[in-house]
Amino acid sequence: MRASRLISLVLLLQSRGSMTAAELAAELEVSERTVYRDVEALSAAGVPVYAEQGRGGGYRLVDGYRTRLTGLSREEAEALFLAGLPGPARDMGLADAVAAAELKVLAALPATLRDAPGRAGQRFHLDAPGWFGESGPPPLLRELTSAVWRDQVVELRYRRDREVVRTVEPYALVLKNGTWYLVARVEGGPGRAAGHRTYRVDKIVAVRPTGAVFDRDEGFDLPGYWREQAESFLRSMLRERITVRLSPAGMRALRHVVQPYAARYAAEAVGEPDADGWVTTTLPVESPVVALHELLRLGADVEVVEPAGLREEFASVARRIAALYR
């Protein structure tokens with residue numbers, strides 16, 4: 001623990017030039033007295049650290065001194081690729097590894113580039129969760145993160161309509177709109193084929209390492225798998241089809257009121273415009289009730305042609321609105 005702190009102290013001085021004992025104590029989360037002792041230990045070990053007195057003073061390294069202790073550990077190197085995702089990295093228990101990796105990279109940069117992290121942080125920010133999602137990571141996310149990194153076979157207890165138990169090979173974790181998903185491979189069994197499956201992490205109620213490790217399929221394409229799963233999920237949700245007429249303004253606004261997949265489907269199925277520019281197309285919907293609430297946002301720029309029941313529901317809503325504003 002102390003050795004790691006001493007390395008961090010040297011890297012902080014190397015990357016920032018000069019720091020007071022109070023600043024070092026705050027960064028390292030120790031007392032100033034501990035900082036004094038650490039500086040004495042570094043000096044005794046031959047690290048050329050010295051103190052400047054007076055206004056603007058602090059601890060510094062002799063000009064030109066560069067530590068060789070900047071090699072990244074495997075955990076830090078892997079975590080570095082999550083450095084742009086501070087919230088998810090923290091949720092997975094990797095915040096310390098990311099911070100250490102960033103510090104080592106910063107120490108290796110030339111002086112002219114040491115403002116790069118600050119400049120980037122002030123210009124770009126990723127806010128992954130959705131607006132109305134629950135706060136805080138799922139309880140078992142860190143255990144799953146550990147299993148994913150180490151290729152450990154685990155036994156899951158998963159809550160669906162009922163609780164089921166699955167032994168899986170955890171391949172990856174995916175964060176989608178503030179919800180975490182586990183992508184895992186399962187062996188075949190009665191009534192189910194072997195292959196990769198997707199589990200919502202917040203529905204996993206227990207994780208038990210089996211002690212075994214698995215050989216990862218290096219040909220597995222995580223982005224490709226996830227795109228296919230997302231499209232399949234949307235297709236399964238949008239099972240019903242309705243026929244609508246849309247004005248030019250309604251066609252342009254359609255992508256703002258329905259799922260992107262549904263808007264693309266409608267654009268590809270669109271017919272020739274009539275004399276007024278209106279077009280007829282087929283629109284995938286989850287259900288007539290959902291379609292009613294979504295398409296009402298288009299007002300008079302949409303007309304439902306089929307099914308007849310949904311058309312009559314729109315007419316009924318229009319009559320009630322007209323009566324309200326009469």
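Begin by selecting Leu238, and display with it Gln259, Tyr261, Ala262, Pro284, Val285 and Glu286, which are the residues it touches once those up to four places away in sequence are set aside. As you look at this spot, keep in mind that the model is a predicted one. Leu238 sits in the loop between α9 and β9, and it counts as buried because its relative accessibility is 6%, where buried means under 20%. Among its neighbours, Val285 deserves a closer look, since the C-alpha atoms of Leu238 and Val285 are separated by 4.6 Å although the two residues are 47 residues apart along the chain.

From Leu238, go back along the chain to the sheet. Colour its five strands in the order β7-β6-β5-β4-β8, and you will have an open sheet with antiparallel pairing. The strands at its edges are β7 (195-200) and β8, each of which pairs on one side only, and from one strand to the next the twist averages 45°. Zoom in on one edge, where strand β6 (residues 179-186) and β7 run antiparallel and are joined by six bridges. To find one particular pairing here, select Arg185, whose bridge partner in β7 is His196.

Next, add the helices that accompany these strands. Helix α8 lies across β4, β5 (163-176), β6 and β8, and runs at about 85° to β5. Helix α9 also packs on the sheet, where it touches β5, β6 and β7, and its direction makes about 65° with that of β7.

The tour now turns to charged side chains, for the structure holds eleven salt bridges. Select Arg216 and Asp151, whose side chains meet in a salt bridge with an N to O distance of 2.9 Å. Arg216 belongs to the loop between β8 (204-213) and α9 (222-237), while Asp151 belongs to the loop between α8 (141-150) and β4 (152-159), so this pair ties together parts that are 65 residues apart in sequence. Arg216 itself counts as partly exposed, at 25% relative accessibility.

A second pair to select is Glu231 and Arg264, which form a salt bridge with their closest N and O atoms 2.9 Å apart. Distant parts of the chain are linked by this pair, since Glu231 is in helix α9 and Arg264 is in helix α11 (residues 260-269), 33 residues apart. Glu231 is partly exposed, with a relative accessible area of 26%, and Arg264 likewise counts as partly exposed, at 41%.

For a third pair, move to Arg245 and Glu303, which form a salt bridge whose closest N and O atoms are 2.7 Å apart. Here the link runs between strand β9 (residues 240-246), which holds Arg245, and strand β11 (residues 302-306), which holds Glu303, with the two positions 58 residues apart in sequence. Arg245 counts as partly exposed at 23% relative accessibility, and Glu303 counts as partly exposed at 25%. Extend the selection to Asp274 and Arg311, because these two residues, together with Arg245 and Glu303, are linked in a network of salt bridges.

Finish at the surface by selecting Ile321, Leu324 and Tyr325, which make a nonpolar surface patch of about 400 Å². Ile321 lies in helix α13 (residues 308-325), and at 42% relative accessibility it counts as partly exposed.

Methods. Residues numbered from 1 in each chain as written. Predicted model: local features only at pLDDT ≥ 70, side-chain atom pairs only at ≥ 80, totals over all residues. Heavy atoms only, no water. Patch = residues over 30% accessible without salt bridge, like charges linked within 9 Å, V, L, I, M, F, W, Y side chains within 5 Å. Areas by Shrake-Rupley, 256 points an atom, 1.4 Å probe, with all protein chains shown as cover. Salt bridge = Lys/Arg side-chain N within 4 Å of Asp/Glu carboxyl O. Helix = DSSP H or I, 4+ residues; strand = E, 2+ residues; numbered from the N terminus. Buried < 20%, exposed > 50% of the residue type's maximum accessible area, 1.4 Å probe, protein only. Pairing = 2+ DSSP bridges. Axes fitted to C-alpha atoms, helices over the stretch in contact; angles between N-to-C directions. Contact = heavy atoms within 4.5 Å.
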